[in-house]
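Got the viewer open? Load the model, keep the selection box handy, and we'll go through it stop by stop.

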Amino acid sequence: MNKPASVPEQFDVVVAGAGFSGLYMLYRLRQLGLSVKVLESAGDVGGTWYWNRYPGARCDIPTTDYTYSFDPELEKEWTWSEKYATQPEILDYLQFVADRHGLRSDIEFSTTVTSARWDEQENRWRLTTSCGSEIRCRFYIMATGCLSMPKAADIEGAGRFAGQVYFTSRWPHEGVDFTGQRVAVIGTGSSGIQSIPLIARQARELTVFQRTANFSIPAHNGPAPADRLKQLGEDRAGYRHAARWSRGGVPIEPTDVLGGTASEAVRRERFEAAWEQGELFGILNVFADQGVNPAANDIVAEMIREKIRSIVKDPETSEVLCPKDHYFGTKRPCLDTGYFETYNLPHVRLVDLRKQPIASITEEGIETADESFGFDAIVYATGFDAMTGALVAADVAGRDGVSLQEKWAAGPSTYLGLMTAGFPNFFMLTGPGSPSVLSNMTVSIEQHVDWVAECLEGMREAGLETIEPTTLAEAGWNQHVQDCAAITLHPTANSWYMGANVPGKPRVFLPYIGGVNAYRQACDEVASQGYLGFRLTGPGEDRCWDGVIRRMQPDVAMVLEIMAGMGMPPMETLSAADARALMAAAAQTRPPGPEVGEVTDGVIPIPAGDLPYRLYRPAGPPEGPRPLVVYFHGGGWVLGNLDSDDPLCRDLCARSGAVVVSVNYRHAPEVRFPAAAQDAFAAVQWADANAIELGGIPGQLAVAGWSAGANVAAVACQLARDAEGPHISGQLLICPVVDSDMARPSYIENGDGYILTTALMRWFWDHYADPADRGDPRATPLRGDLKGLPSACIVTADFDPLRDEGVAYARALEAAGVPVRLARARGHTHTSVTMVGVVISGAPVRAEIGEALRDFFPAP
Ligand code: FAD
Ligand code: NAP
């Protein structure tokens with residue numbers, strides 16, 4: 001019964017939605033003894049599985065995994081009948097769960113939350129509902145689903161059609177009989193692909209309107225897989241634990257086979273096994289690099305296309321069904337039962353909307369640019385306003401009346417996908433910025449619910465009333481979410497993950513792609529660090545440990561983790577010879593770097609002997625001379641050679657369009673300070689004198705270096721200035737050593753754990769220069785006269801002990817009137833920017849470096 005509006009009901013917590021998320025949330029909140037009300041638009045529990053009743057609707061994660069794990073007794077009492085259960089069975093299951101725990105008594109069905117307002121005075125949310133009631137609560141939790149807001153029919157004339165109209169996402173409960181009918185299906189995502197074969201069984205004629213061909217693999221449905229049942233039977237708790245700490249929420253062994261380097265036989269074998277297995281996480285795990293490397297992705301994609309061509313008899317139709325406009329996996333792949341085979345039926349036709357777009361829906365049917373079609377029924381399988389649709393539609397306004405819609409006008413902004421700044425005590429389950437739709441959602445849902453429940457419990461124990469993320473923590477998380485996506489191929493697709501399916505929606509990657517395990521770890525760390533990045537208040541209390549939970553680029557973190565796992569001895573414990581051997585061995589396994597036009601080796605004659613050099617000439621036009629960059633490798637004056645920095649030099653050459661001459665100067669401890677610096681200057685003089693022979697443009701010469709190489713490059717500039725020649729157009733200093741002072745904050749923050757350590761830097765200095773020499777500007781250019789030096793581009797990395805001296809050098813150069821471009825390698829270490837082909841997130845930094853090098857020279 002509705003309460004009069006003047007007497008609002010009061011609860012500790014209101015939850016909107018009674019699908020997987022809302023039901024478990026209610027269960028946990030009740031356990032805590034909190035007063036709870038769940039409001040649900042639908043007539044019963046189930047969420048997705050209540051609404052999506054179209055023929056063929058099933059899960060696409062094996063049901064043994066797509067199930068609650070919080071109640072072992074429940075698991076014993078319920079047995080799934082198939083590998084991929086049907087919608088009615090999943091709905092039965094959720095009804096069973098609701099009954100078993102008596103959840104319905106706290107759920108108000110057929111009730112939509114129409115608005116939510118934060119009352120700053122009362123520290124309460126004020127909700128209004130579609131039934132006209134007003135409810136107050138301390139905490140408001142939206143369990144409203146990622147795929148619950150159907151996309152409106154965004155086709156001209158959609159309202160005009162006189163026949164029957166169906167949306168897969170709002171299918172009639174009584175079912176639909178298409179017998180004898182001419183039916184149109186618009187859309188070939190998962191919903192279309194599941195329903196089309198079954199609609200084809202009934203319809204007299206079926207016409208499928210496809211805008212984008214989709215990748216789909218056969219589900220090979222049947223009984224639940226025996227191996228998985230066995231694992232569950234033997235150790236259910238262990239299996240569920242493994243799922244929680246897996247990447248996607250289903251325990252599988254991630255492969256380390258790389259598509260690019262695997263043999264044809266291995267590629268084929270792995271693909272065929274995944275095809276036969278019929279599981280999404282299997283086909284997404286054919287190669288370790290298929291999600292990030294276009295070439296590896298193409299191998300899997302082409303094998304799927306081969307399968308499509310082998311199934312669909314009409315070559316023209318099969319070609320239209322072959323996806324070619326996006327990388328495999330960047331739109332959610334589908335699992336089907338007889339989908340492609342359906343197009344071999346004589347009464348089924350495929351219309352390619354890329355060739356003949358829909359002009360309008362008419363009273364009788366559909367008109368494309370070329371044809372008019374008459375139909376009795378149109379089925380829209382056109383998808384959802386995913387991840388943000390239901391949240392924004394529910395009219396939530398936080399502090400100062402700012403609505404979610406306003407705050408998220410340029411895309412959603414959340415902390416951990418759980419909360420958003422300015423909206424105290426407001427939680428989202430599987431919100432944008434959490435793994436959600438990229439994972440087995442039941443695992444992600446349970447994790448979110450548990451986190452929220454523990455948070456509320458902790459607040460109660462501590463007598464706290466409000467919780468809200470800080471803008472710093474939130475911005476940091478948003479950045480991390482985008483950083484994780486940026487190293488994958490995902491952002492290249494026009495997918496609903498990117499919001500690209502809804503006209504006008506901001507193009508932002510919505511879910512967190514770093515993995516369920518990494519995400520869980522981050523959430524746990526936030527909580528264990530006293531709710532890092534949250535402000536918590538209570539009577540007489542206002543506490544906040546502000547900060548960012550993940551600042552490192554995800555692929556840099558991955559490299560560090562792999563290296564830590566290799567158990568290599570710290571370099572500073574080795575002899576110089578052993579350290580060099582270790583570095584050479586590591587270089588054997590890395591990618592070679594980009595192709596360039598020409599690579600030649602030679603020697604530079606200097607009085608002390610010959611210095612080897614390697615010259616890189618860019619591929620392609622223009623013919624003729626190019627600007628010249630003399631490059632010095634890194635390695636603390638002790639390590640490194642022409643091979644060590646070969647991929648980086650190729651990259652610099654390809655990006656800058658300059659001829660790069662990489663010089664191997666003499667090393668310590670065999671030859672100590674100032675030999676390396678003198679060699680560098682001699683090499684620059686020689687390159688300038690021989691510019692024409694090297695293919696360079698006389699007078700257009702820059703120097704570049706990384707780490708100790710940047711040190712000698714910087715020194716060479718000072719020596720050239722003092723000697724009044726040669727003229728140097730610019731200096732590129734990547735993570736340079738410019739001072740021997742190890743007291744700067746970056747040494748304190750980053751002195752351990754990021755490959756270049758304080759101990760290693762000390763080892764380098766000890767090999768190179770006596771303490772008495774370390775104040776000499778030829779060792780520490782920061783202490784030199786900086787007037788009249790060439791323009792500089794200085795790259796500093798966040799997790800580098802040398803970061804602050806790089807910044808100090810930039811500031812000092814600026815103060816001396818030198819133009820400086822300071823490029824920050826955000827989330828990088830001393831070494832990661834140079835890891836060409838390994839650390840993908842270094843590419844944008846190197847693109848900026850390439851631009852800086854080009855800017856040193858006059859435009860061609
Ligand atoms: P939902 O199930 O979407 O429930 C949200 C509920 O909130 C809905 O019932 C809605 O009516 C209600 N609601 C929304 N707004 C309001 C409001 N303002 N007031 C009151 N109530 C509101 N995921 C997988 O991991 N594996 C699968 O195999 C899989 N298959 C899927 C198949 C289909 C057809 C679809 C559409 C999605 C599938 N998903 C799958 C994703 C699926 O949505 C989740 O797995 C899961 O069911 C989501 O549960 P939920 O409770 O978070 O949201
Ligand atoms: P979807 O993946 O977004 O697919 C919608 C389809 O409709 C696409 O082919 C789209 O083409 C097309 N479309 C949209 N608007 C159109 C227009 N105006 N004109 C022509 N075509 C149009 O939606 P979905 O199939 O409902 O699936 C959504 C998600 O729900 C899935 O990715 C999955 O996560 C989940 N789901 C899972 C299952 C399962 O197997 N368990 C089943 C259904 C849904 P474009 O690609 O060109 O936009």
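Two strands count as paired if DSSP finds at least two bridges between them. Helices (H or I, at least four residues) and strands (E, at least two) are DSSP runs, numbered from the N terminus. A note before we start: this is a predicted model, where local features need pLDDT of at least 70, side-chain atom pairs count only at pLDDT 80 or more, and totals for chains, interfaces and linings use all residues. Residues are numbered from 1 along each chain as its sequence is written, chains are lettered from A and ligands numbered from 1 in the order in which they are written, and side-chain values use heavy atoms, with hydrogens and water left out.

**Stop 1: the eight-stranded sheet**

Select strand 23 (residues 609-617) and strand 25 (residues 659-663), which pair in the antiparallel sense over four bridges. Click Leu-615 and look across: its bridge partner in strand 25 is Val-661.

Now zoom out to the whole sheet. It is open, with eight strands in the order 22-23-25-24-26-27-28-29 and mixed pairing. Strand 22 (598-606) and strand 29 (820-829) are at the edges with a single partner strand each, so one side of each has no neighbour in the sheet. Neighbouring strands are turned by 20° against each other on average, direction ignored; axes here are lines fitted to C-alpha atoms, for helices over the stretch in contact, and angles run from 0 to 180 degrees between N-to-C directions.

Stay on strand 25 and color by burial (buried is under 20% relative accessible area, exposed over 50%, partly exposed in between, with a 1.4 Å probe and protein chains only). Which way do its side chains point? Val-659, Val-661 and Val-663 go one way, Val-660 and Ser-662 go the other, and all are buried.

Next, add strand 24 (residues 626-632), where seven of seven residues are buried. Strand 24 pairs with strand 25 in the parallel sense over five bridges. Two pairs to click are Leu-628 opposite Val-659 and Tyr-631 with its bridge partner Ser-662. Strand 24 also runs parallel to strand 26 (residues 696-706), joined by six bridges, with Arg-626 opposite Gly-696.

Further along, strand 27 (residues 730-734) and strand 28 (residues 791-799) run parallel with five bridges between them. Gln-731 faces Ala-792 there.

Finally, show helix 22 (residues 708-722), which lies across strand 24, strand 26 and strand 27 and runs at about 135° to strand 26.

**Stop 2: Thr-758**

Jump to Thr-758, in helix 24 (residues 758-768). Is Thr-758 buried or exposed? At 16% relative accessibility, it counts as buried. Leaving out residues up to four places away in sequence, Thr-758 touches Met-742, Tyr-747 and Gly-751, where contact means heavy atoms within 4.5 Å.

**Stop 3: the three-stranded sheet**

Here the order is 19-20-21 in an open sheet with antiparallel pairing. Strand 19 (466-469) and strand 21 (541-544) are the edge strands, each pairing on one side only. Strand 20 (residues 534-538) joins strand 21 through four bridges, and Thr-537 stands opposite Asp-542. Helix 15 lies across strand 19, strand 20 and strand 21, at about 130° to strand 19.

**Stop 4: the cores**

A nonpolar core is a set of buried Ala, Val, Leu, Ile, Met, Phe, Trp, Tyr and Cys residues joined through side-chain atoms within 4.5 Å. The largest one has 130 residues, and those with the most contacts inside it include Tyr-68, Phe-427 and Trp-451. Helix 15 (residues 441-462) gives the largest share of this core, nine residues. A second, separate core has 70 residues, including Phe-673, Ala-682, Tyr-747 and Trp-765.

Select Tyr-68 on its own. Beyond its neighbours within four places in sequence, its contacts include Phe-20, Tyr-93, Val-97 and Glu-446.

**Stop 5: a helix pair**

Last, pick helix 6 (residues 226-234) and helix 7 (residues 236-244), packed at about 115° with their axes 5 Å apart. Helix 6 and helix 7 are therefore roughly perpendicular (under 35 degrees counts as roughly parallel, over 145 as roughly antiparallel, 65 to 115 as roughly perpendicular and the rest as oblique). To see the contact, show Arg-228, Gln-231, Leu-232 and Glu-234 in helix 6 against Arg-236, Tyr-239 and Arg-240 in helix 7.
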